[in-house]
Structures are given as C-alpha cells and as structure tokens.
Amino acid sequence: MLVTGGAGYIGTHTCIALIEAGHTVVVADNLCNSKRESIEKFKKIMNTHIPFYEIDVSNRKAVETIFENHQLDGVIHFAGLKAVGESVEKPSLYYENNVVSTLVLVNCCLKFGVNRFVFSSSATVYGDNKVPFVETMDLLPTTNPYGETKAICERILTDIAKANPSFSVSLLRYFNPIGAHESGLIGEAPNGIPNNLMPYITQVAKGMRDYLSIFGNDYPTIDGTGVRDYIHVMDLAEGHVAAIHAMLQGVHIYNLGTGQGTSVLQLVKAFEEANGVTIRYEIVERRPGDLACCYADVEKARQELGWIAKRDVVTMCKDAWRFEKNTLHQGV
Ligand code: NAD
Ligand code: UFG
C-alpha cells in the first residue's frame, strides 16, 4: 500500500493500523508539514522498516519510480495542505498541491494497474447542510479554497472511477481527528501557533500559551460554543483499514466520525478532568467561516464497513496530553 503524506498526523497513525492488520506499507512525503523524525518514531513503535520516499507527490516522475519499485495493491492519499486560513491567502498553492497530486497519483494507478484508491476528504464538503451530515447530501459550497480542493478531488475521482469500471475509490470524509497513539511517541505537533482546538489546549496546559481563545459563545448550541464531532486519530486510522478491506468497485463515500457532538467548553472541561490540569480561556469574537455545529451520521460506515469509533473523549484528551508532554516544540 502506498501511503502519501505518511509522515503526517493521520498518515503515521494509519501506517500503524495498516501494519497491525498485516499490510505492507511504502510512504511518500515531502516533509512540508512533518519531520523525518516521525518516520523514525514510527519504526520504533512497530519495530519494522518501511520504505520512505522524500518526494513531492505532484511530481509524476518521482511517483512513477515508486510504482516501478514496489508491487502496490492500493494508494491512500493523505498528502495535502490543510490550513484553512492559509488556503484563503494562497489559493493557487492549495489548488496546485492538492488537486495536481491527486491527478498524478490516480493517473499512475491507471497506468500501473493499481485499482484501489482511498482519498482523505473532509466534513467541510458538506458546507452548512443540516446536521447530522449524511453521505447522500448534496455538497454545498465551502467557504475556503481548502474545502474546494476536497470537493474538486472528490468529483475528479468519481469521474475517473465511472470511466474505469475496475477502479475502486473510497472517499473518506473525516470529522475532527484529535488524540494520539497510546505510546505517546507520535501525535499532532503543528508548526507555530496551532489553528486547531486540541493542539492549542495542550499547549496552554503545557504553559506554552497563556490562554485559549474560544471563538464565540453565541452559537445556537448547548452552551453557545461551536460543536464538533471529535474522533480519536487511532479510530480514524482503523476506519481506513476497514475501508480497504471492504473496497468494492466504483465510488463509495463514508463519513468517519463518532456521531457525537462536543462543544468547545465541553472539550475543555473533559481535558481538565481527564488530566487534572486547568485550561485558562477567554471568549473572543467568532472565527470567520466557522459553523455552529458539525457532526456525522455514521450509519453507513457501521453497516458497510463494520466500523465504529470506539475511543471516548476522555481517552482522546489523555492521549493528546501524553503526547504533548513528550514533545519538544521548535520555533514557538
Ligand atoms: P498533516 O499535515 O499532518 O499530513 C499531511 C502530510 O502530507 C504532511 O506530512 C505533509 O508533509 C505531506 N504533504 C503535503 N503536500 C505534499 C506533497 N505535495 N507531496 C508529498 N507530501 C505532501 O495533515 P493530516 O492532519 O495528517 O491530514 C491528512 C489528510 O487528511 C490531508 O489531506 C487533510 O486535508 C485531510 N484532513 C485532515 C483533517 C484534520 O483535521 N486533520 C480533517 C479532514 C481532512
Ligand atoms: N476553536 C476555538 N479556539 C481555537 C481553535 C478552535 O474556539 O483556538 C473552536 C472553533 O471555533 C470550532 C472548534 O474549536 O468551533 C474546532 O475548531 P478546529 O479549528 O479544531 O476544527 P474545525 O472544525 O474548524 O476544522 C477541522 C479541520 C478542517 C476540517 C474540519 C472537518 O481543521 O480542515 O475540521 O470537520 F475540514
């Protein structure tokens, strides 16, 4: 299995789940948002060697070399840029990186007869549909180029699968992955100031940031703060293994979430209680582009993949904190 973006947050955890399930893994990553160290740590956890190619997966020649060197049975395409705010400032970078890489990979699959393709999509493609989000919903426009790249790649892969009947595509729409592998060796370590809630909370807990800014408390939710469907990254990783095992010809779309909504204040409280720490926070203005509420309908994945998320929010908080305590940040 070729895992692009396999040095990143979700990719490293998925490599573990794949190897545990008996798959052989090859990783390609240009390390633009990750470090070689994560590959080393991964080897330490799994006590195994994985071939690693430091390449840009938009580079067709470099990708073809991997297809020539390895007998691949599928591609899981995690590699992509994912900072929503940056995508508004640099749309062409996002379209080029995320869309071109998908085209290059899918064309290599067709050329080399590799018939399974798993794509990292996002709940963001639902726009502001009514929750819970169901796979059959029409996609609504997203508020940023990052989300558009996901919707465009979904359409490209759908068209290609229609034209190539032996090709199987899984479009996996992730909700909000948090937490870390239980070893505490790998997890989410963003460069600079975190955009996402959980890494910000763990950095406040560690004393690296003074307080958490909570973006709005006047949403129509349980306590006025934004509600999301947080999923443990290892559950998400295992969802990929289930998707690969169940792969059928054609295009199949699955939400990977828990089906449970948790507000910002609820997550802060859960983190404090799980870890015996205090998180200082202040309520500030809403963040532009944020939805009030986002959570998944998870029935389709349960029925067709036989997969459900097993780990609860307390485990997510404990595992995120264990990893944070082990992590040295640079340039903060
Ligand atoms: P990440 O940044 O930790 O991992 C992505 C990896 O891809 C990084 O290691 C980066 O170096 C690599 N990469 C990026 N562009 C590349 C290129 N052109 N060639 C080679 N490598 C490249 O992000 P993540 O959280 O692990 O996300 C993985 C995927 O899941 C992304 O496609 C992201 O858009 C999608 N996703 C993430 C979330 C989330 O909340 N984390 C939610 C929905 C979807
Ligand atoms: N939040 C804060 N303070 C922060 C960071 C976030 O209050 O410092 C709030 C947000 O307003 C939101 C919630 O915490 O209500 C979650 O925010 P995140 O930034 O962690 O996650 P998002 O739901 O905004 O977006 C994430 C990924 C997207 C992906 C989406 C899918 O960043 O790439 O999940 O649901 F598309």
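Ligand 2 is where I shall begin: in this predicted model, 21 residues surround ligand 2. The closest of them are Ser122, Ser213, Arg228, Arg287 and Asp290.

Three of the contacts with ligand 2 deserve a closer look. At Ser213 the backbone takes part: one of its N or O atoms lies 2.8 Å from a nitrogen atom of ligand 2. With Arg228 the side chain is involved, since an N or O atom there is 2.6 Å from an oxygen atom of the ligand. Asp290 also contributes through its side chain, with a polar atom placed 2.5 Å from an oxygen atom of ligand 2. How much of ligand 2 does the protein bury? Taken alone, ligand 2 exposes 680 Å², and the protein buries 88% of that area.

Which strand supplies the largest share of the shell around ligand 2? That is strand β8, residues 212-215, which provides 4 residues. If we sort the shell of ligand 2 by class, we find 11 nonpolar, 7 polar and 3 charged residues.

Let us now turn to ligand 1. Here 28 residues form the surroundings, and the closest are Asp29, Asn33, Ser34, Lys82 and Tyr146.

Two backbone contacts may be pointed out on the structure. A backbone N or O atom of Tyr9 lies 2.8 Å from an oxygen atom of ligand 1. For Cys32, a backbone N or O atom is placed 3.0 Å from an oxygen atom of this ligand. A side chain takes part as well: in Asn97, a side-chain N or O atom is 2.8 Å from a nitrogen atom of ligand 1. On its own, ligand 1 has 830 Å² of accessible area, and the protein covers 95% of it.

Which elements give two or more residues to the shell around ligand 1? They are α1 (9-20), β5 (116-122) and α6 (145-163). Of these, β5 gives the most, with 3 residues. By class, the shell of ligand 1 holds 13 nonpolar, 11 polar and 4 charged residues.

Two points in the backbone come next. The loop between β5 and α6 is the place of Pro132. The peptide bond that leads from Val131 to Pro132 is cis, with omega near 0°. The second point is Leu31, found in the loop between β2 (26-28) and α2. What is notable about phi at Leu31? Its phi is near 60°, a positive value in a residue other than glycine.

I shall close with the packing of helices. Two packed helices are described by the angle between their axes and the distance between the axes. Consider α1 together with helix α2, residues 36-46: their axes come within 10 Å and cross at roughly 30°. Angles under 35 degrees count as roughly parallel, and α1 and α2 are therefore roughly parallel to each other. Their crossing is right-handed.

Helix α11, residues 313-326, appears in the next two pairs. With helix α7, residues 197-205, α11 packs at an angle of about 55°, and the two axes are 10 Å apart. That makes α7 oblique to α11. The crossing of α7 and α11 is right-handed.

The other partner is helix α9, residues 264-275, whose axis comes within 9 Å of that of α11 and crosses it at roughly 65°. Are α9 and α11 roughly parallel or roughly perpendicular to each other? The range from 65 to 115 degrees counts as roughly perpendicular, and α9 and α11 are therefore described in that way. The crossing of α9 and α11 is right-handed.

Methods
Residues numbered from 1 in each chain as written. Chains lettered and ligands numbered in written order. Predicted model: local features only at pLDDT ≥ 70, side-chain atom pairs only at ≥ 80, totals over all residues. Heavy atoms only, no water. Near = heavy atom within 4 Å. Polar contact = N/O pair within 3.5 Å; in protein donor to acceptor, adjacent residues only side chain to side chain. Areas by Shrake-Rupley, 256 points an atom, 1.4 Å probe, with all protein chains shown as cover. Nonpolar A, V, L, I, M, F, W, Y, C, P; charged D, E, K, R; others polar. Axes fitted to C-alpha atoms, helices over the stretch in contact; angles between N-to-C directions. Parallel < 35°, antiparallel > 145°, perpendicular 65-115°, else oblique. Left-handed = near helix turned anticlockwise from the far one by under 90°.
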